[in-house]
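Reader: I would like a close look at one part of this model, the part that faces the DNA. Please describe what lines it and how it fits with the rest of the assembly.

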2 protein chains.
Amino acid sequence: MSETNKQGLTEEQFLASYDASQYDRLSVTVDMLIFTVTEEEEKNYRRLPEKSLRLLLIRRSNHPYKHQWALPGGFVQLGESIDEAARRKLKEETNIGDIYMEQLYTWGDVARDPRTRVICASYMALVDHASLQIEASRQVADAAWFTVGCKLYQEQKTVTPTGYILQQLFHLTLSQADQQLAATIKTVKKVETKVTTVTREIVESSGIAFDHAKIIEYGIQRLRNKIEYTDIAFNLMPERFTLTKLQQVYEVILDTELLKANFRRKIADMVVETDEYTRDAGHRPSKLFKFNPKWMKIIE
Amino acid sequence: MSETNKQGLTEEQFLASYDASQYDRLSVTVDMLIFTVTEEEEKNYRRLPEKSLRLLLIRRSNHPYKHQWALPGGFVQLGESIDEAARRKLKEETNIGDIYMEQLYTWGDVARDPRTRVICASYMALVDHASLQIEASRQVADAAWFTVGCKLYQEQKTVTPTGYILQQLFHLTLSQADQQLAATIKTVKKVETKVTTVTREIVESSGIAFDHAKIIEYGIQRLRNKIEYTDIAFNLMPERFTLTKLQQVYEVILDTELLKANFRRKIADMVVETDEYTRDAGHRPSKLFKFNPKWMKIIE
DNA sequence: TTAATAGTGTCTATCAGACAATATAGG
DNA sequence: CCTATATTGTCTGATAGACACTATTAA
């Protein structure tokens with residue numbers, strides 16, 4: 001097309017003369033929530049090992065938040081999409097490229113980084129811990145897997161004539177070896193006629209850098225939601241697994257105990273049995289299952 | 001704290017000397033999906049008017065995509081959060097500040113804007129059409145409300161030994177007066193052991209600028225999902241409404257017909273009856289309801 | 001035999017889809 | 001009385017929670 005605009009420029013001329021610097025330009029980072037589920041060693045040979053949900057954090061060696069723990073992440077470069085930047089970071093941190101990854105939310109508060117204006121696109125990735133062990137040849141210094149806990153410990157609802165205010169306080173705990181990090185996150189949902197606002201703020205955070213406690217809490221909520229109606233849990237499993245192991249992953253993420261019979265009924269269509277069994281367990285061996293590729297519900 | 005880093009700088013000194021320009025800086029925009037539901041005039045005085053879902057679009061007057069229609073939006077400035085930027089845009093376009101708004105997704109492909117590298121945070125806003133009529137004193141030139149349709153017209157599933165590929169084709173139509181815009185969006189979900197990827201691409205787009213067809217399709221899916229399990233639909237309603245009007249809003253968004261009795265049972269707890277009735281309808285008058293602030297399920 | 005897990009059956013309450021029946025304004 | 005919508009009732013099948021019961025291994 002050779003049509004011209006008000007300045008008499010064709011599209012080619014316009015694009016060639018376009019000056020991006022006339023608009024504010026800012027930094028964009030991707031921050032990764034990399035989750036896995038690990039098994040604790042068990043002393044009793046008969047008992048099954050306890051599982052826990054883990055999150056990868058990096059210890060900061062420089063200001064700001066020096067010595068505190070932060071989500072792995074980095075700046076998006078001009079030549080890569082934000083998804084590509086996230087994959088690149090993932091590869092750098094875990095040395096695995098092909099794992100489940102999804103965008104969570106983009107955090108854009110003005111003062112969220114004391115250095116400069118930084119907008120952060122957060123992503124969640126899920127890894128099977130076994131494949132991580134093999135591939136993670138190069139250990140990133142000052143990186144550690146923290147056991148994650150997130151509990152709703154206060155809920156307050158106020159009903160007004162035309163709406164309501166719902167306030168929830170979550171306690172987030174992250175622990176690893178001698179490290180104990182914690183934070184309190186407050187979410188407030190205000191509903192009035194024609195006005196609904198949801199805010200999420202950090203009430204208190206110790207040892208967790210930037211606004212990352214908030215991002216972590218958001219990610220856990222998303223994970224808990226999605227595990228209920230999608231197949232994402234299988235990204236945390238090896239190819240073959242017992243139904244009890246699968247149930248433990250659900251329990252660890254949802255932070256509740258589930259009834260065996262009901263759980264099995266619920267995930268029945270998502271798995272296919274193999275002809276293999278576990279051995280040497282000190283009790284009845286269990287059948288190994290794998291994901292059923294014929295299962296399908298929704299695209300997202 | 002006066003602790004110093006490797007360069008011997010305290011936190012204050014570090015922040016004072018921090019040079020943001022060492023990292024790539026890019027432009028970030030907010031693009032708004034502003035939805036409303038309007039009623040078509042009906043000739044038969046007895047019949048209820050037809051409803052339709054509408055989306056606000058702006059006609060571009062400059063390159064690139066000159067004369068095509070785009071989502072209202074603009075650049076995020078250094079001094080405002082991305083949420084604030086979205087609210088500002090909303091106010092500029094609809095002249096209403098206090099309406100429902102939520103962040104959708106952030107689009108970061110390298111070449112999504114031919115001018116320069118632009119990352120786009122998309123937001124969805126819902127407005128009751130009645131309050132819009134009153135407040136929209138200043139009409140934005142070249143802005144128009146388009147009737148939106150989005151239909152899944154092809155679905156293909158291929159099962160592989162270890163996973164599956166699900167491909168869906170959606171047809172998006174936007175129409176207003178003499179304008180007819182359309183696009184085809186392809187979403188592909190590939191599930192293999194340990195690797196799940198979801199991609200969304202525009203197969204064909206006529207009259208819709210940039211990658212906005214994809215953003216619109218994403219927003220409609222989100223709206224359809226959320227209307228099923230949250231109270232967002234009430235943001236599209238006046239304070240008092242009949243249950244049939246509410247049902248029509250659900251039908252228009254979900255693009256299906258619902259059975260009256262079942263719909264009423266489903267939303268029973270979300271509404272409270274008033275002692276008012278409609279009048280002069282040519283048939284049995286209906287009770288007016290309002291939102292029940294005591295209803296509550298989830299925060300998000 | 002026993003400890004510990006594996007796996008199945010079933011009762012009940014709840015919820016969604018389908019459809020039928022009754023009610024009531026204006027003309 | 002007629003038309004078009006308002007409102008309620010109920011049958012059925014699917015699903016979730018609770019709980020009880022049987023099966024099987026290694027030591």
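Author: This is a predicted model. The account starts with how the two chains meet, then turns to the DNA.

In the contact between the chains, 65 residues of chain A touch 65 residues of chain B. The chain A side of that contact consists of 27 nonpolar, 20 polar and 18 charged residues. Chain A can be superposed on chain B by a rotation of 180° with 0.0 Å of shift along the axis, at an RMSD of 0.0 Å. This is therefore the relation of a two-fold axis. Of the interface residues of chain A, 100% are also interface residues in chain B, so the copies meet through the same surface.

Now the DNA. Around DNA strand D there are 22 residues, and those that come nearest are Ala261(A), Arg284(A), Ala261(B), His283(B) and Lys287(B). By class, the surface near DNA strand D has six nonpolar, seven polar and nine charged residues. Helix 6 (260-267) of chain A, helix 5 (243-254) of chain B and helix 6 (260-267) of chain B each give at least two residues to the surface near DNA strand D.

DNA strand C is surrounded by 23 residues, of which the closest are Ala261(A), His283(A), Lys287(A), Ala261(B) and Arg284(B). Six nonpolar, eight polar and nine charged residues make up the surface near DNA strand C. At least two residues of that surface come from each of helix 5 (243-254) of chain A, helix 6 of chain A and helix 6 of chain B.

Two of the helices named for DNA strand D, helix 5 and helix 6 of chain B, also pack against each other. Their axes come within 11 Å and cross at roughly 95°. Because of that angle, helix 5 of chain B counts as roughly perpendicular to helix 6 of chain B. On the side of helix 5 of chain B, the contact is made by Leu243(B), Leu246(B), Gln247(B) and Tyr250(B), and helix 6 of chain B answers with Lys260(B), Phe263(B), Arg264(B) and Ile267(B). This set divides into five nonpolar residues, one polar and two charged.

Elsewhere in chain B, strand 9 (residues 179-192) pairs with strand 10 (residues 195-206) in the antiparallel sense over 11 bridges. Within this pair, Val191(B) is opposite Thr196(B) of strand 10. The two strands form a hairpin with two residues between them, and Lys194(B) in the turn has a positive phi of about 70°.

Note on methods:
Residues are numbered from 1 along each chain as its sequence is written. Chains are lettered from A and ligands numbered from 1 in the order in which they are written. This is a predicted model: local features need pLDDT of at least 70, side-chain atom pairs count only at pLDDT 80 or more; totals for chains, interfaces and linings use all residues. Two residues are in contact if their C-beta atoms, placed from the backbone, lie within 7 Å. Ala, Val, Leu, Ile, Met, Phe, Trp, Tyr, Cys and Pro count as nonpolar, Asp, Glu, Lys and Arg as charged, and the others, Gly among them, as polar. A residue is near a molecule or strand if its C-beta atom, placed from the backbone, lies within 6 Å of it. Helices (H or I, at least four residues) and strands (E, at least two) are DSSP runs, numbered from the N terminus. Axes are lines fitted to C-alpha atoms, for helices over the stretch in contact, and angles run from 0 to 180 degrees between N-to-C directions. Angles under 35 degrees count as roughly parallel, over 145 as roughly antiparallel, 65 to 115 as roughly perpendicular and the rest as oblique. Two strands pair if DSSP finds at least two bridges between them. Copies are superposed by least squares on the C-alpha atoms of residues with pLDDT of at least 70 in both.
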